[in-house]
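Subject: The structure I promised you

Hi,

Here is the structure I said I would pass on. Have a look at it first, then read my notes underneath.

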Amino acid sequence: MRKIVLAAAAAFVLSSPVMAAEEIKPMKRTWTFDGVFGKFDKQQLQRGFQVYKEVCASCHSVQYLAFRNLQDIGYSEDQVKVIAAEYQVQDGPDENGDMFDRPGRASDRIPKPFANEQLARASNGGALPPDLSLMTKAREDGPNYVFSLMMGYTEPPKGFEILPGMSYNTYFPGHQIGMPQQITDDRVTYADGTKASAEQIASDVTAFLHWAAEPKLEVRHATGIRVVLFALLFTVLAFFYKRRLWARLEKH
Ligand code: HEC
């Protein structure tokens, strides 16, 4: 009997780290960019950019994006100039050796919210808001994960100790996250009049981040299709060529 109890206790102890590390799979969504024929919806990407700009940009950079890249999601050259000019960008040094701020230009990168990592951490209770430009590629099942993370804030289950300044999130590994809930219904008012439910906002910003991480997705898909078509055509040609060749051989 004692042995059984000991064995049960051992099994419990051994299995608990596994339980603690139990992974919760993100919610599955349907995205316009799924599958080989998948494409981005530019209207959605523009809404997503609006969410990034109005909600996420105060903590997260998208360091690989320049303003002019926004032309890919349907803004005209003039619209991009107007968007860029709303930002102040550091330039210099001038003839006196001083750095100075000037309005942004289309060729500038979208400015970061914090000058350095230390400042970013100090402003976020020690947690570092990571750069988001490659985020959907850096996490497994990226778009579904980012969407789920945005929607995953709930009260902690009974008995779950939450450290001060941290929030409970169902989909974050370990469930304690240094980012407070960001997305709620009507958090933004969309320029295109779309109703801003939390789900809509989370899905739009995720699509925008996926475009940022993989701006050439559509080209890649189109190339894939062309390669398959070419291979098919080649197979057909090879078949007829073989028939002709054998027909000639059989005559002799
Ligand atoms: C108030 C600052 C703040 C805002 C605003 C904010 N975040 Fe965060 N975010 C953080 C911090 C801090 C972390 C790091 C959390 C940690 O490591 O515990 C983080 C982490 C993340 C992560 C990475 C999670 C992981 O798996 O490591 C993603 C994705 C993310 N944020 C997306 C967003 C999006 C999208 C928005 C806008 C809708 C946003 N954040 C707005 C502070 C913020």
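Start with helix α8, which covers residues 217-251: Phe-230 and Phe-234 both lie in it, 4 residues apart, or about one turn of the helix. Both side chains are on the outside: Phe-230 counts as exposed because its relative accessibility is 56%, and Phe-234 is exposed too, with a relative accessible area of 53%. Keep in mind as you click around that this is a predicted model.

**Aromatic rings**

The structure holds 11 aromatic pairs. One to look up is Tyr-52 with Phe-208, which is stacked, with 6.1 Å from centre to centre and 25 degrees between the planes. This pair links distant parts of the chain, since Tyr-52 is in helix α2 and Phe-208 in helix α7, 156 residues apart. Are these two rings buried or exposed? Tyr-52 has a relative accessibility of 1%, so it counts as buried. Phe-208 is at 0%, so it counts as buried as well. Phe-230 and Phe-234 from α8 also pair up: their ring centres are 6.4 Å apart and their planes are at 25 degrees, so that pair is stacked.

Ring pairs also join Tyr-52 and Phe-208 with Phe-49, Tyr-75 and Trp-211 into a cluster.

Two arginines are worth a click here. Arg-29 lies over the face of Trp-31, at 5.8 Å from the ring centre. The charged end of Arg-47 sits over the ring of Tyr-190, 5.7 Å from its centre.

**The core**

You may remember this from class: in soluble globular proteins, nonpolar side chains tend to be buried together. Here, the largest nonpolar core has 45 residues. Those with the most contacts inside it are Phe-49, Tyr-52, Phe-67, Leu-70, Ile-73, Phe-208 and Trp-211. Which elements give two or more residues to this core? They are α2, α3, α6 (142-151) and α7, and α7 gives the most, with 9 residues.

Try selecting Trp-211 and showing what surrounds it. If you leave aside its neighbours within four places in sequence, Trp-211 is in contact with Phe-40, Leu-45, Leu-65, Asn-69, Leu-70, Asp-72 and Ile-73.

**Two more residues in α7**

Thr-206 lies in helix α7, and it counts as buried because its relative accessibility is 0%. Beyond its neighbours within four places in sequence, Thr-206 is in contact with Trp-31, Thr-136, Pro-143, Val-146 and Phe-147. You met Trp-31 above, as the ring with Arg-29 over its face.

Asp-204 is in helix α7 too. Its relative accessibility is 0%, so Asp-204 counts as buried. With neighbours within four places in sequence left aside, Asp-204 is in contact with Gln-44, Arg-47, Gly-48 and Tyr-190. Arg-47 and Tyr-190 are the charge and ring I mentioned earlier.

**The iron**

Which residues are the protein donors of the iron atom of the ligand? They are His-60, through NE2, and Met-179, through SD, lying 2.0 to 2.1 Å from the iron. His-60 is in the loop between α2 (42-54) and α3 (77-85), while Met-179 is in the loop between β4 (176-177) and α7 (198-213), so the pair ties together parts that are 119 residues apart in sequence. Both His-60 and Met-179 are buried.

Why is the arrangement octahedral? The 6 donor atoms around the iron subtend angles of 86 to 177 degrees, which makes it so.

**Backbone oddities**

Most residues other than glycine have a negative phi, and most peptide bonds are trans. Here are some exceptions to check.

- The peptide bond from Gly-92 to Pro-93 is cis, with omega near 0 degrees. Pro-93 is in the loop between β1 (88-91) and β2 (100-103).
- Asp-141 has a positive phi of about 55 degrees, although it is not a glycine. This residue lies in the loop between α5 (135-138) and α6, and at 31% relative accessibility it counts as partly exposed.
- His-175 is not a glycine either, and its phi is near 70 degrees, a positive value. You can find His-175 in the loop between β3 (167-168) and β4. With a relative accessible area of 17%, His-175 is buried.

Have fun with it, and write back if you get stuck.

Cheers

How values were computed. Residues numbered from 1 in each chain as written. Predicted model: local features only at pLDDT ≥ 70, side-chain atom pairs only at ≥ 80, totals over all residues. Heavy atoms only, no water. Donors = N, O, S within 2.8 Å, 3.2 Å for Na, K, Ca; no water. Tetrahedral: all angles 85-135°; square planar, octahedral: opposite > 155°, others 65-115°. Buried < 20%, exposed > 50% of the residue type's maximum accessible area, 1.4 Å probe, protein only. Contact = heavy atoms within 4.5 Å. Phe/Tyr/Trp six-rings, centres within 6.5 Å; stacked < 30°, edge-to-face > 60°. Lys NZ or Arg CZ within 6 Å of the ring centre and 35° of its normal. Core = buried A, V, L, I, M, F, W, Y, C linked by side-chain atoms within 4.5 Å.
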